[in-house]
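Please look through the sequence and the model shown below before reading on. The paragraphs that follow go from single residues to the contacts that link separate parts of the chain.

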Amino acid sequence: MKLEILSEQKERQLLHYFCLISNNHRYDLIISYSEHFFGKAMVTSIQTGNMVLLCQEDTYSDDLWAARLGIEVEDIPEFQEFFGLVLQTAPFQEQY
């Protein structure tokens, strides 16, 4: 099998590392902002090793992200609020 590179782009991504704790659970997340995710941020859970692309509007559809990121049911409302704050506007645009 031969691989052919169709395109390659480089950028400096703004990464945020969060260690969050609820009443009963700890969550470690990495949020990566990029111009290549169509207005979404890549949210990766260190605990599960899974990632999802999220924007502020996606936070209301917790069935798309909560289980993949290992978010417990009782913590979903707090994460909806948290994501609503950190996924507002792409802060990476102001950094460069």
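**Cysteines, confidence and buried contacts**

C55 has a relative accessibility of 14% and therefore counts as buried, the limit being under 20%. C19, by contrast, counts as exposed, because its relative accessibility is 51% and exposed means over 50%. The count of disulfides in the structure comes to zero.

These values come from a predicted model, and the confidence of the prediction should be kept in view while reading it. The chain averages a pLDDT of 88, and 92% of the residues score at least 70. Among the elements of the chain, α1 has the highest mean pLDDT, at 97, whereas helix α3, made of residues 92-95, has the lowest, at 46. Over residues 92-96 the pLDDT is below 50, although this stretch does have eight contacts in the model beyond its near neighbours in sequence. Where pLDDT is low, the predicted coordinates should not be read in detail.

Helix α2 offers a way into the buried part of the model. Within α2, the residues I76, F79, F82, F83, G84 and V86 are buried, and the buried residues of this helix pack against β1, β2, β3, β4 and α1. Several of these residues carry aromatic rings, which leads to the aromatic contacts of the chain.

The structure holds six aromatic pairs. In one of them, F18 and F82 meet edge-to-face, with 5.0 Å from centre to centre and 85° between the planes. Because F18 lies in strand β1 (residues 14-21) and F82 in helix α2, this pair ties together parts that are 64 residues apart in sequence. F82 itself is buried, with a relative accessible area of 15%. Another pair, F79 with F83, is tilted, with a centre-to-centre distance of 5.7 Å and an angle of 55° between the planes. F79 and F83 are four residues apart in helix α2, so about one helical turn separates them, and both of these residues are buried. Taken as a group, F18, Y27, W65, F79, F82 and F83 form one aromatic cluster.

Charged residues give a second set of links. Side chains of opposite charge can pair when their charged atoms come close, and the structure holds two salt bridges. In one, R26 is joined to D28, with the closest N and O atoms 3.1 Å apart; D28 counts as buried because its relative accessibility is 13%, under the 20% limit. In the other, D58 is joined to K40, with the closest N and O atoms 2.7 Å apart. Since D58 lies in the loop between β4 and α1 and K40 in the loop between β2 and β3, this salt bridge ties together parts that are 18 residues apart in sequence. The two partners differ in their exposure: D58 is buried, with a relative accessible area of 13%, whereas K40, at 28% relative accessibility, counts as partly exposed. Leaving aside residues up to four places away in sequence, D58 touches L53 and W65 as well as K40, and W65 is one of the members of the aromatic cluster.

What is the nearest side chain of opposite charge to D75, and how far away is it? D75 is placed in the loop between α1 (66-69) and α2 (76-86). D75 is buried yet has no salt bridge, and the nearest side chain of opposite charge, R26, is 12 Å away; a salt bridge would need a nitrogen and a carboxyl oxygen within 4 Å. The contacts of D75, again not counting residues up to four places away in sequence, are with S22, H25 and Y27. Y27 belongs to the aromatic cluster, while R26 takes part in the salt bridge with D28.

A last feature lies in the loop between β2 (26-33) and β3 (41-45), where F38 is found. Most residues other than glycine have a negative phi. The phi of F38, however, is near 55°, a positive value in a residue other than glycine. F38 counts as exposed, because its relative accessibility is 82%. K40, the salt-bridge partner of D58, lies in the loop between β2 and β3 as well.

Key
Residues are numbered from 1 along each chain as its sequence is written. This is a predicted model: local features need pLDDT of at least 70, side-chain atom pairs count only at pLDDT 80 or more; totals for chains, interfaces and linings use all residues. Side-chain values use heavy atoms; hydrogens and water are left out. Helices (H or I, at least four residues) and strands (E, at least two) are DSSP runs, numbered from the N terminus. Buried means under 20% relative accessible area, exposed over 50%, partly exposed in between (1.4 Å probe, protein chains only). Lys and Arg count as positive and Asp and Glu as negative; His and the chain ends are not counted. Contact means heavy atoms within 4.5 Å. pLDDT is the predictor's confidence in each residue, from 0 to 100. Rings of Phe, Tyr and Trp (its six-membered ring) pair if their centres lie within 6.5 Å; planes under 30 degrees apart count as stacked, over 60 as edge-to-face and the rest as tilted. A disulfide is a pair of cysteine sulfur atoms within 2.5 Å.
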